[in-house]
Amino acid sequence: MADRAYFGFPPVTEQFPTLSGGNWLSTYPQSNLQTLPLSQVARTLDASTGSTSIVAVASSPQLCSVVALVGHNLSQAATIRLRCWSDTAGTVLVFDSGASPENVWPASYTAAELEGAIKTWVRRFADPGTITVGALEIDIADTSNADGYVEFGFLEIAAAFDVTYNFEPGSQYGFRWRSLPVEAIGGARYLDDREHPRVWKGNFPFTTRADAMIFFEMQRQLRMHKPVLFVPWPTETTHLLRTVMFAQQLDPGLSTMRFMTSLGLIDGVPLSLEEIIG
């Protein structure tokens, strides 16, 4: 895996309309895995392993690279297994993360670090490129979950757009501050404390023409109303909690046709993202 940013594009979640597996509350149905807002979660009846599995079947096989569970409540003891089949009948296995399930969390975090965070599990199963997937199954073991159940805001399935050249130094990240301070007549200050979405803003100044056209299509197809998975540092596993974003695109401004090289036309592509938190 190269230490360059990648995007979950194009997303193919909508091409996996058939969900099954597990045991889900009727008030928080499994179908919520494919709808927004994130706060409209899919929640299992309990935390037993028989309840905490997800099977997604495509209407026809799709080219895929990555799967993500966004807005989960999985504990730091949770393990997970991903399997993919190339056919919709689930007979030709093309990927298996292993009979010994993987840890959901790549590192240990404190309760303060987890509080309020949009927790996202990401598994890149085709790198580089894509594989054809007709069905996939996610099996979760988190029987000691303190909530007594597991829940997820969204299941994202996508191909991966690996940029050829990474974003420039000086790209910015942080938060959009939503909390509202109110000052009383006597001077006391009160705060309407709200969650702050993470933001990322930067530029890909040395972008091949082929990559620039993928950025173009990502902006055209997804615009602001469809989210995109963004993984800026794939190998920095310790900080994936802080860096991986399921985000909407904001207006980044215009791309720039820069110059011709032996590699062909080189463009500059700006990007602006804001994490989905609700």
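Is Phe7 buried or exposed, and what is its relative accessible area? In this predicted model, Phe7 is buried, with a relative accessible area of 0%. Its aromatic partner is Phe215, and the two rings are arranged edge-to-face, with 5.6 Å between the centres and 80° between the planes. Phe7 belongs to strand E1 (residues 6–7) and Phe215 to helix H2 (residues 209–222), so the contact links distant parts of the chain, 208 residues apart. Phe215 is likewise buried, at a relative accessible area of 1%.

A second edge-to-face pair is formed by Trp200 and Phe230, whose ring centres lie 5.2 Å apart and whose planes meet at 65°. Because Trp200 is placed in strand E17 (residues 198–208) and Phe230 in strand E18 (residues 228–231), this pair ties together parts that are 30 residues apart in sequence. Trp200 counts as buried at 6% relative accessibility, and Phe230 counts as buried at 0%. Both pairs draw their members from one aromatic cluster, which consists of Phe7, Phe161, Phe167, Trp200, Phe204, Phe215, Phe230 and Trp233. In total, the structure holds 16 aromatic pairs.

Aromatic rings are also met by charged side chains. Arg43 lies over the face of Tyr28, at 4.3 Å from the ring centre. Arg124 is placed over the face of Tyr6, at 4.5 Å from the centre of that ring.

Helix H2, which carries Phe215, comprises 14 residues. From its first C-alpha to its last, H2 reaches 20 Å, close to the 20 Å expected at 1.5 Å a residue. The buried residues of H2 are Asp211, Ala212, Phe215, Met218 and Leu222. These residues cover an arc of only 125° around the axis, and therefore lie on the same side of H2. The buried residues of the helix pack against E1, E17 and E18, and also against strand E13 (161–162), strand E19 (245–249) and strand E21 (264–275).

H2 is followed by Arg223, which is located in the loop between H2 and E18. The phi angle of Arg223 is near 45°, a positive value in a residue other than glycine. With a relative accessible area of 48%, Arg223 is partly exposed.

Two cis peptide bonds may be described in the loops of the N-terminal strands E1 to E3. One joins Phe9 and Pro10, with omega about -5°; Pro10 is found in the loop between E1 and strand E2 (18–20). Another joins Leu36 and Pro37, with omega about 10°; Pro37 is found in the loop between E2 and strand E3 (42–43).

A search of the whole structure for disulfides finds zero. For Cys64, the nearest cysteine sulfur is that of Cys84, 7.3 Å away, and Cys64 is in no disulfide. Because its relative accessible area is 0%, Cys64 is classed as buried. Cys84 is also in no disulfide, and its nearest cysteine sulfur is that of Cys64. Cys84 is buried as well, with a relative accessible area of 0%.

Conventions: Residues numbered from 1 in each chain as written. Predicted model: local features only at pLDDT ≥ 70, side-chain atom pairs only at ≥ 80, totals over all residues. Heavy atoms only, no water. Phe/Tyr/Trp six-rings, centres within 6.5 Å; stacked < 30°, edge-to-face > 60°. Helix = DSSP H or I, 4+ residues; strand = E, 2+ residues; numbered from the N terminus. Buried < 20%, exposed > 50% of the residue type's maximum accessible area, 1.4 Å probe, protein only. Lys NZ or Arg CZ within 6 Å of the ring centre and 35° of its normal. Expected span 1.5 Å × (residues − 1). Arc of directions from axis to C-beta. Contact = heavy atoms within 4.5 Å. Disulfide = S-S within 2.5 Å.
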